[in-house]
Amino acid sequence: MTSSVALQPEPAPVAACTVSRDVQAFDLLIEDMETELGESWGDLSFEDAIAFLEQPDSEALEFFAVAMNAQDEGELALIGELIALSKDRGVKVILIAEDVSPSVLHQLLKTGANDFLPYPLPEGALHEAIVRIRTPEPEVAAPANGANGLAARAGGSHDGAIFATHGLAGGVGATTFAVNLAWELATKEKKDGPRVCLLDLDFQTGSVSTYLDLPRRDVVYELLSDTSAMDADNFLQAMQTFNDRLHVLTAPADMLPLDIVGPEDIATLLDIARANFDVVIVDMPKTLVAWTETVLSHANVYFAVLELDMRSAQNALRFMRLLKGEDLPYEKLRFALNRAPRFTDLQGKARVKRMAESLDIDIELMLPDGQKQVAQACDHGLPLSENAGKNPLRKEIAKLAASLHELVGSEIEGG
Ligand SMILES: Nc1ncnc2c1ncn2[C@@H]1O[C@H](COP(=O)(O)OP(=O)(O)OP(=O)(O)O)[C@@H](O)[C@H]1O
Ligand SMILES: [Mg+2]
C-alpha cells in the first residue's frame, strides 16, 4: 500500500495562485480571483510558493498574486526571493500591498514584480493588471533620431519605472522638477545608465519643450489623435532627444483639449513607454482629467508638488479627499515641497510642520528655492546641471535621482 493520498496531484493544473500569509485577510482579492479565474486558481504561503516553483506542475502557472500587509514587512527577503524565482521561471507576479511603509514600498518596487496594486483593490484593478500581464510586449524599434547607445539597448521584455509629477497649483515648479529629475537620472552614469524618457502630458500649457529648448512637433498630435495605430515605432519617432541622452515627448504644437486622449490611450502610451525605457517621467497637467487615475495606477511614484501657501494646501486637501473617496492608490503620492524654507528658517519649518499635520500628510521631499538661476536655466532651455551645477535645487534633485537610480539600476541588472 502506498500512502499517496496526500500527494494526489491537483485535478487540473492551476493557472494562478494567491500567495500570502493568510489569504482570508485579503477577501477582496479572493472575490476578484474568483471573478477572473473561476475555480482555476490556488492559494499558497510564501514558502510553499517557492517550493511549488520547483515542481513541474508550476509550468502551467501564469501568475502569482502576492499579497502582503504591514505584518509581512519582516518577510521582505523571502518575498524578494519568491519574485526573483518567479521571474526566472516565467511566472508573472502581481504584487498587492496594504499599509506598507514608504521605505518598504521602495524596496518592493525593486523586486521586479510585473505589476503593483494597492489593497483594498480598486474596482477592476486586478482585471486590468491581468490584461496588462497578458498583453505581449510591444515590438521595439530603434528611435528615428537615435541617441547613441540608447537605441542599441532598447530591446527585450521590459518594465521601466514610471514617475509622475503633478503640480497641485499653477507654477509651483512641477515641470522644472520633472525636467531636472529626468536629466539627472539620464546622466547619472557616463555610460550604460538607465534609458530615460520624459513625457509632457500637459497638452495645453506644457513647458517641457521650452525648458529643454526643443521644438513642438505636429507628429505628437498625430500620435495622440490615433492611439490605435500607436506602436513603439511611431512613439519613438514622435520623440526628440536632448543632448543625446534624454528622450522627450513634448506637448504638441497646438494647444489641445486635455480630453483628446482617454484612459485607454494613456495606458497604451505608458505601456509602450515603459517597454522601451528604464525610466519614464510623466509631467501631468495640474487639472484633473479622466486619465489622471490611469497615470496614478501605472506610476510607481506620483510626486505631488506644492508650495508653502494656502492655495497648495487647499488643493492638496481636495486632491487627497478625492483619491481616498474614489479608492485610488493615494499611497503612491510623495509630496514634494518646492521653495521649501531653509534649514535655518525655524519659523518656516514650523509652518511646514503645521501644514503637513493639518493635511495629515508626510512631506518627504524638500526642494529649496534656487532663486533666479532656476528661471534663467529654464529660459535658456537647459537643465540646471548644465547651467548652474551648484544650484541648491539641482543638488537636491540630484540626490533624489541617486536614490531612484539605485532602485532602477537593480531592475536593469535583474533583466
Ligand atoms: N525651486 C525653485 N527655485 C526657483 N525658481 C523655481 C523653482 N522651481 C520652479 N521655479 C521657477 O518657477 C517657474 C514655474 O515653474 P514650473 O513651470 O516648473 O511650474 P509648474 O508647476 O510646472 O507650472 P505650470 O502650472 O505652468 O505647469 C519657472 O520660471 C521656474 O524656473
Ligand atoms: Mg508645468
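1. Asp283 belongs to strand 10, which covers residues 279–283. In this predicted model, the residue is buried yet takes part in no salt bridge, and the nearest side chain of opposite charge, that of Arg216, is 9.9 Å away. Since a salt bridge is counted within 4 Å, the distance of 9.9 Å to Arg216 should be read with that cut-off in mind.

2. What contact does the side chain of Asp283 make? The side chain of Asp283 forms a polar contact, at 2.6 Å, with the side chain of Thr175. Thr175 is in turn listed among the closest residues to ligand 1, together with Thr176, Tyr211, Asn338 and Gly370, in a surrounding set of 20 residues.

3. Two nitrogen contacts of ligand 1 deserve a look: a polar side-chain atom of Asn338 lies 2.8 Å from a nitrogen atom of the ligand, and a polar backbone atom of Gly370 is 2.8 Å from a nitrogen atom of ligand 1. On the oxygen side, an N or O atom in the side chain of Arg339 is 2.9 Å from an oxygen atom of ligand 1. Taken alone, ligand 1 would expose 640 Å², of which the protein buries 83%.

4. The elements that contribute two or more residues to the shell around ligand 1 are helix 7 (174–187), strand 12 (333–340) and helix 15 (371–380). Helix 15 supplies the largest share, with four residues.

5. As for the character of the shell around ligand 1, its residues comprise eight nonpolar, eight polar and four charged ones.

Methods
Residues are numbered from 1 along each chain as its sequence is written. Chains are lettered from A and ligands numbered from 1 in the order in which they are written. This is a predicted model: local features need pLDDT of at least 70, side-chain atom pairs count only at pLDDT 80 or more; totals for chains, interfaces and linings use all residues. Side-chain values use heavy atoms; hydrogens and water are left out. A residue is near a molecule or strand if one of its heavy atoms lies within 4 Å of it. A polar contact is a pair of N or O atoms within 3.5 Å; within protein, one must be able to donate a hydrogen and the other to accept it, and residues adjacent in sequence count only if both atoms are side-chain atoms. Accessible areas come from the Shrake-Rupley method with a 1.4 Å probe; for residues, only the protein chains shown count as cover. Ala, Val, Leu, Ile, Met, Phe, Trp, Tyr, Cys and Pro count as nonpolar, Asp, Glu, Lys and Arg as charged, and the others, Gly among them, as polar. Buried means under 20% relative accessible area, exposed over 50%, partly exposed in between (1.4 Å probe, protein chains only). Lys and Arg count as positive and Asp and Glu as negative; His and the chain ends are not counted.
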